[in-house]
Structures are given as structure tokens and as C-alpha cells.
Amino acid sequence: MSIRIQRVPSENMAGGLAARLIAIVLALSIAAIVFAMSGADLGKLGAHVFKSTFGSRFGLMDLGLIVTPLILTGLAVTVAMKVGAWNIGAEGQFCAGAIAATAVALFVPGPTILVLPLMFVAGAIGGMLWILIPTLARAYADVSELITTLLLNFVGALFIYYLATGPWLDPSGLSFAATKRLPHDVPGFWGDVHWGLPIAVLLTVALAGVLNYTRWGYEVRIAGSNPAAARYAAIPFRRHLIVVMLMSGAIAGLAGMFEVIGTTHRLQGGISNNFGYIGIMVAVLARGSAIGVIAGAALMAVILKSGIALQTQGVNISTVLALTGLILFFTAIGDELSHYRIVRSKPA
Amino acid sequence: MIDFRNLSRRRFLELSGATGVALGVSGAGLMRPALAATPLAPVAEEDAVIAFGYVGPTSDEGWTWQHDQGRLAVQEAFPKAKTIFVENIPYSADAGRTFRQFVSEGANMIITNSTYGDFIYDVAKNAPETAFLHCDDRTLMDNMGVFYPSHWYPSYVTGVAAGHMSESSKLGYVASFPVPSSFAGSNAFLLGARSVKPDATIQVIAINSWFDPQASTQAARALIDNGADVLFGIMDEPGYLQVAEQRGKKAVMLNTDSRKYGPNAYVSSIMFDFRKFYVDQVRARLEGKWVPGQFLLPFGDGTDRDAWGETVPAGAAKAADEVREKILGGWNPFQGEIKDNKGEVRVPAGQSMSDNDIYNWNWSVDGSSGLA
């Protein structure tokens with residue numbers, strides 16, 4: 001009997017899941033070893049982290065607030081992946097959505113019940129506009145969306161700085177490089193956690209349904225996995241590409257809208273908190289599954305919140321960033337490995 | 001939600017002098033009497049938790065390092081108390097999460113070294129037993145005091161030296177954001193220089209960060225390319241000093257003595273010392289005497305210039321030090337007529353700017369470009 005290692009074109013579900021779990025456990029173990037080596041009491045640190053996340057009402061609320069934008073940015077990246085596009089620009093679309101929603105909040109008078117839906121629409125359109133040029137460039141000139149979406153992130157972040165320190169600066173003079181406090185608020189869902197969270201979850205489930213169980217979703221998935229085959233089957237690849245990429249931008253824009261209206265209440269530089277970039281990690285962890293997006297976002301939220309709690313114990317924030325990097329790194333290795341299987345064969 | 005807007009507007013009016021209260025710097029640095037709030041209950045030293053929230057890394061050899069010296073002084077003065085700190089707190093919802101984490105860990109006092117706005121007000125409002133000290137802020141709450149160093153005086157003094165040393169009469173300023181501290185720093189520096197060279201100008205570049213060595217280095221190069229030969233700024237790191245050193249120009253720094261990064265370029269630095277202030281505030285908190293107030297660390301006591309750099313001509317140092325002595329003796333260098341950079345007279349002849357005016361400065365003086 002000989003043992004061969006064979007590469008298979010499609011990874012298996014169980015392998016992918018196992019790869020993720022092993023990646024997370026490995027990354028956490030490495031972090032634990034580093035902490036232990038620097039003289040930390042692991043039991044105490046663990047108890048502290050638990051109390052600051054799942055173990056207290058405030059901890060749970062913070063998790064809810066962090067997970068909301070992460071689900072949306074993770075979903076945005078995942079949706080684009082379905083049609084074979086890498087949306088690295090969720091960060092920029094997040095900013096654009098925040099800007100558009102803020103514009104409505106600042107300049108459209110009216111009761112919250114009317115203005116809030118307008119902000120929702122504006123946030124989606126803002127994100128959509130931000131990805132429009134990369135989308136058209138990809139669809140008609142085959143320009144890599146990886147580069148164009150990425151570069152627009154910096155434009156988006158700087159545009160917020162320009163608005164928040166320039167024309168939209170709080171006229172009271174009391175704010176630090178921010179707009180005035182927006183006169184509307186997303187209603188509370190549980191404590192500080194606003195309705196953005198259930199809406200993000202519903203949107204994820206709904207989109208998963210559409211992508212998995214409709215003819216349109218089927219065509220998008222075919223177009224994404226094999227554009228040549230899609231063309232042969234008379235599936236309009238370009239149209240699907242454009243529609244799905246715009247959807248992706250709109251979803252990331254919604255993340256920005258909820259962050260500015262529901263959580264920070266002012267537009268100011270830095271509000272994106274890297275949620276757009278972390279959304280890429282969420283999407284990689286999720287492997288294209290909707291439940292995966294929610295689970296991946298939850299995991300990242302726990303890591304980010306733990307990072308805040310760990311810092312008061314003298315752990316540097318860079319350690320936490322390194323931890324998220326390690327998880328991504330091990331997952332990438334695991335993903336590749338799960339394409340291989342061990343074949344035992346008897347000699348002929 | 002919190003009705004913060006009304007609160008702040010009323011307080012802002014009080015602060016801006018509209019109520020007619022004269023605000024001067026007293027020896028203790030109290031700009032404005034504390035609120036008529038009842039002091040928080042005393043805390044035993046061994047039970048005390050004092051938390052520090054920093055905008056930059058403690059290793060920045062600048063603003064945050066200087067504040068952390070204050071924390072270490074508190075730890076030394078109250079060895080049984082516990083001090084905790086978090087560095088690199090961003091201007092995002094993460095700031096609020098960090099402050100709330102402090103509260104949930106039992107912090108009796110939270111001291112932050114940058115302007116976190118709502119992210120700190122929202123937490124303070126729900127933590128009435130915790131005292132907050134918020135740097136570079138203007139909003140007092142029943143449990144929140146504010147403080148800042150009066151950096152504009154040494155900025156003026158070093159500006160006098162820069163006026164003597166500049167050959168191109170062009171100065172450069174690496175700003176963070178277009179906020180009052182950037183306006184006050186660049187304006188004071190230029191006014192000092194103009195007292196020597198009336199045609200001096202200053203170009204300002206804002207880099208949207210307090211700590212971004214790459215951006216500050218780029219800004220410094222651009223300023224020098226445009227002819228500036230003495231740089232100043234409000235950075236938490238010595239990047240622009242290194243550029244000045246490489247290019248054979250001069251630089252005035254902020255926070256610490258950083259001459260080792262550019263011994264030939266180093267003119268002086270605006271030095272801060274928060275140790276005494278922090279220890280006093282923490283002591284008051286522990287003894288149950290703490291009430292919030294607005295504090296300005298006075299020139300000569302917590303805010304000053306550093307010893308002059310080795311390449312500063314004796315004449316320039318002497319002229320600047322004479323101005324320093326005059327200011328310490330009570331002279332106000334911020335006297336009319338002062339025009340803004342659009343030509344409008346903002347401070348008429350015969351009037352002068354109060355500390356409070358300068359603390360809230362939001363326009364550029366004549367000869368300054370780039371900020372607003």
C-alpha cells in the first residue's frame with residue numbers, strides 16, 4: 001500500500017471548517033505562549049477577557065456594536081467574491097456611505113421617522129457611487145478592481161477629514177475635527193445596540209437566500225466561478241458583475257451609515273476603525289457562506305473587544321493586530337491544504 | 001439620547017467670556033472656578049485605580065511620553081494605588097469602549113491626553129462616581145475637568161529666536177488638524193518672528209494625525225522645498241527635526257528635549273511637565289476634595305522652552321530670553337493690532353487676547369497660509 005497526496009480542485013466543506021478552527025486555535029495558542037513568556041498570568045488574563053466580553057452587559061453591548069459594521073463589510077466583500085471580484089474597497093465605501101448619510105442628517109430637515117430611511121438609502125447610494133468607477137473599469141476595460149477599490153479607500157478617508165475639519169465642522173467650535181452631533185439616532189434594539197444589528201443579520205440571510213436559491217443567484221455564481229463557461233451558457237457576465245459589485249458597495253456604505261448614525265453620532269476622521277479592511281478577513285473566514293459571515297464577524301468582534309480589554313492589562317494593541325494577522329495567515333494555509341487529500345492505494 | 005448640545009452651549013458661553021467674567025491665569029493655573037459640584041467621595045489609596053488614556057504610544061518621546069511621566073509621578077506619590085494606561089486610542093467608537101473598560105475596571109479617575117469629545121462625554125455621563133480629566137477640551141461636567149498647557153507663550157518666545165535665525169523669512173509649521181492648538185501654535189510662532197522680521201510668513205501643512213512620522217517627514221520636506229528655513233509643529237515625534245537636520249535647516253520642537261535627533265537643527269522645544277498637576281489632582285480625588293475645573297498649566301510652571309540648541313546664535317537666544325522674562329513678568333505679547341490672513345482686523349489696536357481667546361483661536365494671523 002502506498003500513500004499519495006492528491007490535489008483536488010474543490011476543497012471540501014469539512015476541511016475548510018477544520019482549517020479555520022485549527023487556524024484560530026493555533027493563533028490563540030501562539031498568543032498565549034507569547035503572553036506567558038512575557039510573564040502574564042494566563043488564567044487571570046483569560047478571566048479578565050471573558051468578563052469584558054461575554055461576562056458583562058457592557059461587554060455584550062460592545063460586541064453588538066462592533067459586530068454590526070463587520071457583518072456588513074464582511075457581507076460586502078463576500079457578495080463581490082461570488083461574482084469573482086475582490087472588493088478591497090469596503091473601507092472607502094464605508095466612508096462614502098457615512099458621508100452620504102451625514103449629508104442627509106445635516107441638511108434634510110424633518111422627523112427622524114422620515115429622515116432615517118432617507119439616510120439608509122443615501123448610505124447605500126454613497127457606497128455604490130464609491131465603487132462605480134472601479135466597477136465600470138473592471139467591466140469595460142478589465143482594470144483590476146483590486147487596485148482601484150483599494151486606492152479609493154484613501155480618498156474616502158481623506159474626504160471625511162476634509163469635510164469634518166472644513167465645511168461641515170461643528171460650528172460650536174467645541175468639537176475636535178468633527179461635525180455637530182447629528183440630530184437623529186437609530187432606535188435602540190438592546191441597550192446601546194441599535195437596530196443596525198438585526199438589519200445586518202436579516203440582510204445577510206436574505207442575500208444568502210437570493211444567491212443560493214434563485215436563478216439570478218445561480219447565474220451570478222456560475223459567472224463568478226467561470227466567466228468563460230458563463231458566456232458560453234449565454235449568462236450576461238458583465239451585467240451580473242456590475243450589479244453585484246454595486247450591491248457590494250451599497251452594503252459597505254450601509255455599514256458606514258449605521259456607524260455614524262447609530263454609534264458615533266458625528267462624522268469625523270477615523271470613524272471607519274478599519275472595519276472595511278477587517279471585513280476582508282471576515283469574508284475570507286466565511287468562505288462565501290452567510291452564516292459564515294455572521295460567525296466570522298462575531299469572532300473578529302470578540303478579538304477586537306478582547307484587544308481593548310487586554311490593553312488595560314499592559315498588553316500592547318499591536319499584539320492584538322498580530323493575532324488577527326496570524327488567524328488570517330493560518331486560515332490561508334489551511335485553505336490551501338484542504339485542497340489536498342491523502343489517497344491510499346494498493347499496489348497494482 | 002443625551003441633551004448634550006444645550007449643556008455645552010451654555011458652558012461654552014460661560015467659557016468664551018460672554019458672561020463678562022475676566023479669566024486670567026492664576027498661579028495654580030485655574031482658569032475658571034470649579035463647578036459648584038459636590039466633591040466625589042474619598043478613596044483609600046490601596047483601593048484607588050487611576051486610568052490614563054493616551055492618543056499616542058508612550059514610547060513617542062513626545063506628548064504621550066510626557067503624560068506618562070505624569071502617570072509615573074502619580075504612581076510614585078501613591079505607591080499603593082494602581083495606575084493603568086492604554087496607548088494609541090483612536091478617534092473612533094473604540095475610544096468610548098476603552099473609557100468604559102476603565103470604568104468597568106473600577107477607575108476612580110480617568111485622565112486622557114487628547115480631545116475625545118462625545119466618546120468621553122457619553123461615558124462620563126454614565127459614570128458619576130468616576131472623575132475625568134480631559135486634556136485640550138472646553139466642556140466641564142459635574143465629574144469632568146479640563147486642562148491644557150499654555151504652549152503659546154513659549155511658542156512666541158521661540159518664534160522670536162526663529163525671526164533672528166531665519167534668512168528666507170519663511171517659516172514652516174507641521175500641524176495635526178485645523179484645531180485651536182494648531183492655530184495658537186503657528187500664530188504665536190509667527191507673531192514672535194514678526195516682532196523681529198515684520199515680513200516673515202509661515203506655511204502650515206496639516207497631516208490629520210498627531211503621530212505619523214511618514215506624513216510629518218513628507219510635510220517637512222515640502223515646507224523646506226517651498227523655502228522655509230525654520231520649522232515648527234505640533235507633532236508627537238521628532239520626524240521634522242530629522243528632515244531639518246538633513247537639509248541644513250532649523251527646527252523648534254514640542255514636548256521634550258529631542259536634540260539628539262538633530263543636534264545642528266535643534267533650536268529649542270516647547271516643554272511640558274504634567275507631573276505636579278497630575279499628582280495634585282489625584283491627591284484631591286483620593287482625599288475627597290476633587291471638583292472639576294478648567295486648568296491651564298502656566299508659562300514657567302509646567303510649560304516652558306527647553307535650553308537652547310548648540311547652533312542657536314547667542315544674540316537670538318538673548319533676544320528671545322528677554323521676551324521670555326517680559327512675559328513671565330506679566331507682559332502679554334498678543335496685543336492688537338492683529339489682522340487675520342484675509343486682511344480683516346481681528347484684535348484692534350489697544351486690545352489684547354486673553355488666554356481664553358488664544359485657547360479657542362480658530363483663525364490664522366496675517367502671513368500664515370495653509371491652515372484656514
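How many residues of domain 1 of chain A are in contact with how many residues of domain 2 of chain A? In this predicted model, nine residues of domain 1 meet eight residues of domain 2.

**The two domains of chain A**

Chain A is divided into domain 1, made of residues 1-40 together with 315-348, and domain 2, which covers residues 61-312. Taken over C-alpha atoms, the centres of domain 1 of chain A and domain 2 of chain A are separated by 29 Å. On the side of domain 1 that touches domain 2, the elements giving two or more residues are helix H1 (13-37) and helix H13 (317-337) of chain A. Of these, H13(A) gives the most, with six residues. Sorted by class, this side of domain 1 of chain A has five nonpolar, three polar and one charged residues.

**Where chain B touches chain A**

Between the chains, 32 residues of chain B are in contact with 30 residues of chain A. On the side of chain B that touches chain A, at least two residues each are supplied by helix H1 (4-15), strand E3 (82-86) and helix H3 (93-104) of chain B. The largest share of that side comes from H3(B), which contributes eight residues. By class, the residues on the side of chain B that touches chain A divide into twelve nonpolar, twelve polar and eight charged.

The table sets out the two contact sides by class.

| Contact side | Nonpolar | Polar | Charged |
|---|---|---|---|
| Domain 1 of chain A, touching domain 2 of chain A | five residues | three residues | one residue |
| Chain B, touching chain A | twelve residues | twelve residues | eight residues |

**A helix of chain A**

Helix H4 of chain A, residues 90-107, has 18 residues and reaches 25 Å from its first C-alpha to its last, which is close to the 26 Å expected at 1.5 Å a residue. H4(A) is mostly covered, with 15 of its 18 residues buried.

**A buried residue of chain B**

In chain B, B:Val323 lies in helix H10, which runs over residues 314-328. B:Val323 counts as buried because it has 21 C-beta neighbours inside 10 Å, where 20 or more are required for a residue to be called buried. Leaving aside residues up to four places away in sequence, B:Val323 touches B:Val157 and B:Val160. B:Val323 can also be placed relative to B:Pro333, since the two are ten residues apart in sequence and 8.7 Å apart in space, C-alpha to C-alpha.

Key. Residues are numbered from 1 along each chain as its sequence is written. Chains are lettered from A and ligands numbered from 1 in the order in which they are written. This is a predicted model: local features need pLDDT of at least 70, side-chain atom pairs count only at pLDDT 80 or more; totals for chains, interfaces and linings use all residues. Domain bounds come from an automatic or database domain assignment. Two residues are in contact if their C-beta atoms, placed from the backbone, lie within 7 Å. Helices (H or I, at least four residues) and strands (E, at least two) are DSSP runs, numbered from the N terminus. Ala, Val, Leu, Ile, Met, Phe, Trp, Tyr, Cys and Pro count as nonpolar, Asp, Glu, Lys and Arg as charged, and the others, Gly among them, as polar. The expected span of a helix is 1.5 Å times one less than its number of residues. A residue is buried if 20 or more other C-beta atoms lie within 10 Å of its own, exposed if 12 or fewer, and partly exposed in between; C-beta atoms are placed from the backbone.
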